[in-house]
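Here's a quick walk through one model, meant to be read with the viewer open. Spin the structure around as you go.

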Amino acid sequence: KPRTPAQSGQRMPTGVRTAFDRADTNKDAQLSSKEVQKLPAMSARFQHLDTNHDGMLSRQEFDAGARL
């Protein structure tokens, strides 16, 4: 099973962290489908990246998508 950067001790690049933080307008540490629309590459893959199917992207799901 692939490991996330956090699980492997790696940190995501600053640009990825910044993109998540900017898109997270309500600062709840997850991205709704509306928030992720600001990031077209992620928005196009939202359903695929939302691995727990809760309608939100956690930072972990977002980071995994950024690595693809």
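H53 counts as exposed, at 64% relative accessibility; exposed here means over 50% relative accessible area, buried under 20%, and partly exposed in between, with a 1.4 Å probe and protein chains only. This is a predicted model, where local features need pLDDT of at least 70, side-chain atom pairs count only at pLDDT 80 or more, and totals for chains, interfaces and linings use all residues. Residues are numbered from 1 along each chain as its sequence is written, and side-chain values use heavy atoms, leaving out hydrogens and water.

Back to H53: this residue sits in the loop between α4 and β2, and its phi is positive, about 55°, although H53 is not a glycine. A29 also has a positive phi without being a glycine, near 70°. Look for A29 in the loop between α1 and β1; at 51% relative accessibility, A29 counts as exposed.

Here are those two loop residues, followed by three from the helices.

| Residue | Place | Relative accessibility |
|---|---|---|
| A29 | loop between α1 and β1 | 51%, exposed |
| H53 | loop between α4 and β2 | 64%, exposed |
| R59 | helix α5 | 30%, partly exposed |
| D21 | helix α1 | 35%, partly exposed |
| D63 | helix α5 | 11%, buried |

Zooming out, the protein chain has 5 helices and 2 strands, and along the sequence they run α-β-α-α-α-β-α. Helices (H or I, at least four residues) and strands (E, at least two) are DSSP runs, numbered from the N terminus. Of the 68 residues in the protein chain, 32% are buried. Take the contacts (heavy atoms within 4.5 Å) between residues at least 6 apart in sequence: 40% of them join residues at least 24 apart.

Now for helix α5, residues 59-67. Its buried residues are E61, F62, D63 and G65. They pack against α1 (14-23), β1 (30-32), α3 (40-43), α4 (46-49) and β2 (56-58).

The α1 partner is worth a closer look. α1 and α5 pack at an angle of about 135°, with their axes 11 Å apart. The axes are lines fitted to C-alpha atoms, for helices over the stretch in contact, and the angles run from 0 to 180 degrees between N-to-C directions. The two helices are therefore oblique to each other: under 35 degrees would be roughly parallel, over 145 roughly antiparallel, 65 to 115 roughly perpendicular, and the rest is oblique.

Which residues of α1 and α5 meet? On the α1 side they are V16, R17, A19, F20 and D21, and on the α5 side R59, F62, D63 and A66. By class, this contact has 5 nonpolar, no polar and 4 charged residues. Nonpolar covers Ala, Val, Leu, Ile, Met, Phe, Trp, Tyr, Cys and Pro; charged covers Asp, Glu, Lys and Arg; the others, Gly among them, are polar.

Side chains of opposite charge can pair when their charged atoms come close. The side chains of R59 and D21 form a salt bridge, at 2.4 Å from N to O; the rule asks for a side-chain nitrogen of Lys or Arg within 4 Å of a carboxyl oxygen of Asp or Glu. By that rule the count is 1 salt bridge.

And D63? Its C-alpha atom is separated by 7.5 Å from that of V16, with the two residues 47 apart along the chain.
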